[in-house]
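The following report introduces a structure to a reader who has not met it before. It begins with a single residue and then widens to the chain and its surroundings.

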2 protein chains.
Amino acid sequence: MKKAVSTRLSILQKSFELIYTHGYQATSIDTIIATTNVTKGAFFYHFKNKDEMGLAVINEIMYPLMYADFVKPLLSSNDPVHDIYKMMHYLLLENEFLLKKYGCPAGNLTQEMSPVNQLFSQALSKLTTELKEAMQIALKKGKDSGSIKSGINEEQVALFVLSGYWGIRNFGKLSDDNDCYIVYLEELKSYLKNLEKN
Amino acid sequence: MKKAVSTRLSILQKSFELIYTHGYQATSIDTIIATTNVTKGAFFYHFKNKDEMGLAVINEIMYPLMYADFVKPLLSSNDPVHDIYKMMHYLLLENEFLLKKYGCPAGNLTQEMSPVNQLFSQALSKLTTELKEAMQIALKKGKDSGSIKSGINEEQVALFVLSGYWGIRNFGKLSDDNDCYIVYLEELKSYLKNLEKN
DNA sequence: TGTAAAGAATACTAATCGGTATCTTTTATG
DNA sequence: CATAAAAGATACCGATTAGTATTCTTTACA
């Protein structure tokens, strides 16, 4: 039982890396098993086909990661404007796994797979909806505590901010330095500042 | 000479559609020739390989399209805040070619190909840079004419707005109605309004 | 009109794809 | 320890991939 679990997990981990850096459709099963100590027999014992593995990557790897990196800090925030900025700063300039060149794992997969596979679309939709709602909750708390203007619409703001994040990660792919992230963060800062009561 | 040009163009047109809706790597040459009146011999007469064709799609189809849809309206704008909003509204809710489900052609291709192929990255970088600069010029004109606050940084604003566009088009892929576009546009409107002198 | 080059058609290749069939090894449990 | 099921290994399959080789047809122009 122990070994099997670790085999399965190592497939998912390596697949996640490969999908993140090369895309889902460009990641072949042969490549996955070639870069892990796993044979094809083992792969198809754990997953009935490639798509089932892809969905497991979303649900078992990406979802927990997203929850830790985004949702948790947002839900525990008492100063949403400050914490949203801090989170974005961390994701764009500090996080060592999310390489500039490769964008956002969830954003990439959404773009590639949602028009093609409905199950992927559903899994990714759940992931992003949860994230958006966490940000809305944080913003609502800011409104209630009086730090944020009562006139703002938290759904609008959450969608606006997250769109910006996905978009700038795409811009980041085109440049080889962090300049565009710095420029983006400056404008994000002033946008967020404008949400605050002064 | 006439016929050859039209053959080449029909390859590019159809390829653009297929790449837009299915992605570059998922679009096979066999599919392209099967959906056009073009044989493999003709394809490889006009393009020495698939990547050369892909680059031609960027430079000869996407670039002119982007220029007409984005750059031109921006450069001729005398009311940038109003015209940027109008442009986004058009792109998200009115344009009949850009289907919600399939995102933004340039955004898609950037995400898929820029980490993988440097020539694609360069061609797409040129395209987006030109677009960003057009928006900066429009914003600068607004500053000079006094309709926009002198304190804003037009590079920041341009990058912020375009990131939001790419991002929301990715969100759009996950939903089957236009609601997220409408929510996004509301917040964009209030963001842009805040750039104006009042 | 003759002819060379441009353009297009057809048949093929080696490599790679996702997946299957079959077999062997490991593990849990009576 | 016996044995059945879980887990993994190996060899293979048909389909598809980008690309090539070769032949045929059309076009431009002397």
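His46(A) is buried, with a relative accessible area of 16%; buried means under 20% relative accessible area, exposed over 50%, and partly exposed in between, with a 1.4 Å probe and protein chains only. This residue lies in helix H3 of chain A. Helices (H or I, at least four residues) and strands (E, at least two) are DSSP runs, numbered from the N terminus. Leaving aside neighbours within four places in sequence, His46(A) is in contact (heavy atoms within 4.5 Å) with Ala4(A), Thr7(A), Arg8(A) and Glu52(A).

The model is predicted: local features need pLDDT of at least 70, side-chain atom pairs count only at pLDDT 80 or more, and totals for chains, interfaces and linings use all residues. Residues are numbered from 1 along each chain as its sequence is written, chains are lettered from A and ligands numbered from 1 in the order in which they are written, and side-chain values use heavy atoms, with hydrogens and water left out.

## Chain A as a whole

Chain A has nine helices and zero strands, and the pattern along its sequence reads α-α-α-α-α-α-α-α-α. Taken along the principal axes, its C-alpha atoms fill a box of roughly 65 × 35 × 30 Å. Of the 198 residues in chain A, 54% are buried. Among contacts in this chain with a separation of 6 or more, 71% are between residues 24 or more positions apart. The accessible surface of chain A comes to about 9,100 Å², and carbon and sulfur atoms hold 54% of that area. Accessible areas come from the Shrake-Rupley method with a 1.4 Å probe; for residues, only the protein chains shown count as cover.

## Annotated regions

Two annotations come from an unreviewed UniProt entry. The record places "domain: HTH tetR-type" at residues 5-65 of chain A, and "DNA-binding region" at residues 28-47 of chain A. UniProt positions are given in the numbering used here, feature names are shortened, and annotations may be inferred rather than shown by experiment.

In the model, residues 5-65 of chain A are 77% helix and 0% strand, with end C-alpha atoms 19 Å apart. Residues 28-47 of chain A are 65% helix and 0% strand, and the end C-alpha atoms there are 14 Å apart.

## The surface near DNA strand D

DNA strand D is surrounded by 18 residues, the closest being Thr7(A), Thr39(A), Tyr45(A), His46(A) and Lys40(B). A residue is near a molecule or strand if one of its heavy atoms lies within 4 Å of it. Of the atoms of DNA strand D that come within 4 Å of the protein, sugar and phosphate account for 62%.

By class, this surface has six nonpolar, seven polar and five charged residues. Here Ala, Val, Leu, Ile, Met, Phe, Trp, Tyr, Cys and Pro count as nonpolar, Asp, Glu, Lys and Arg as charged, and the others, Gly among them, as polar. H3(A) gives the largest share of the surface near DNA strand D, five residues.

## The surface near DNA strand C

For DNA strand C, 18 residues form the surroundings, and the closest are Lys40(A), Thr7(B), Thr39(B), Tyr45(B) and His46(B). Sugar or phosphate holds 64% of the atoms of DNA strand C within 4 Å of the protein, and the rest belong to bases. The surface near DNA strand C has six nonpolar, seven polar and five charged residues, and its largest share, five residues, comes from H3(B).

## Atom pairs between protein and DNA

The table gives atom pairs for both strands.

| Protein atom | DNA atom | Distance |
|---|---|---|
| Thr39(A), polar side-chain atom | strand D, phosphate oxygen | 2.8 Å |
| Ile29(B), backbone N or O atom | strand D, phosphate oxygen | 2.9 Å |
| Lys50(B), backbone N or O atom | strand D, phosphate oxygen | 2.9 Å |
| Lys40(A), polar side-chain atom | strand C, base oxygen | 2.8 Å |
| Lys50(A), backbone N or O atom | strand C, phosphate oxygen | 2.9 Å |
| Thr7(B), side-chain N or O atom | strand C, phosphate oxygen | 2.8 Å |

Near DNA strand C, the elements that give two or more residues are helix H2 (29-34) and H3 of chain A, together with helix H1 (2-22) and H3 of chain B.

## A loop residue of chain A

Asn178(A) lies in the loop between helix H8 (154-174) and helix H9 (179-193) of chain A. At 31% relative accessibility, Asn178(A) counts as partly exposed. Not counting residues up to four places away in sequence, Asn178(A) touches Leu92(A), Leu93(A) and Lys100(A). The C-alpha atoms of Asn178(A) and Leu92(A) are separated by 8.4 Å, while the two residues are 86 residues apart along the chain.

Methods
Polar contact = N/O pair within 3.5 Å; in protein donor to acceptor, adjacent residues only side chain to side chain.
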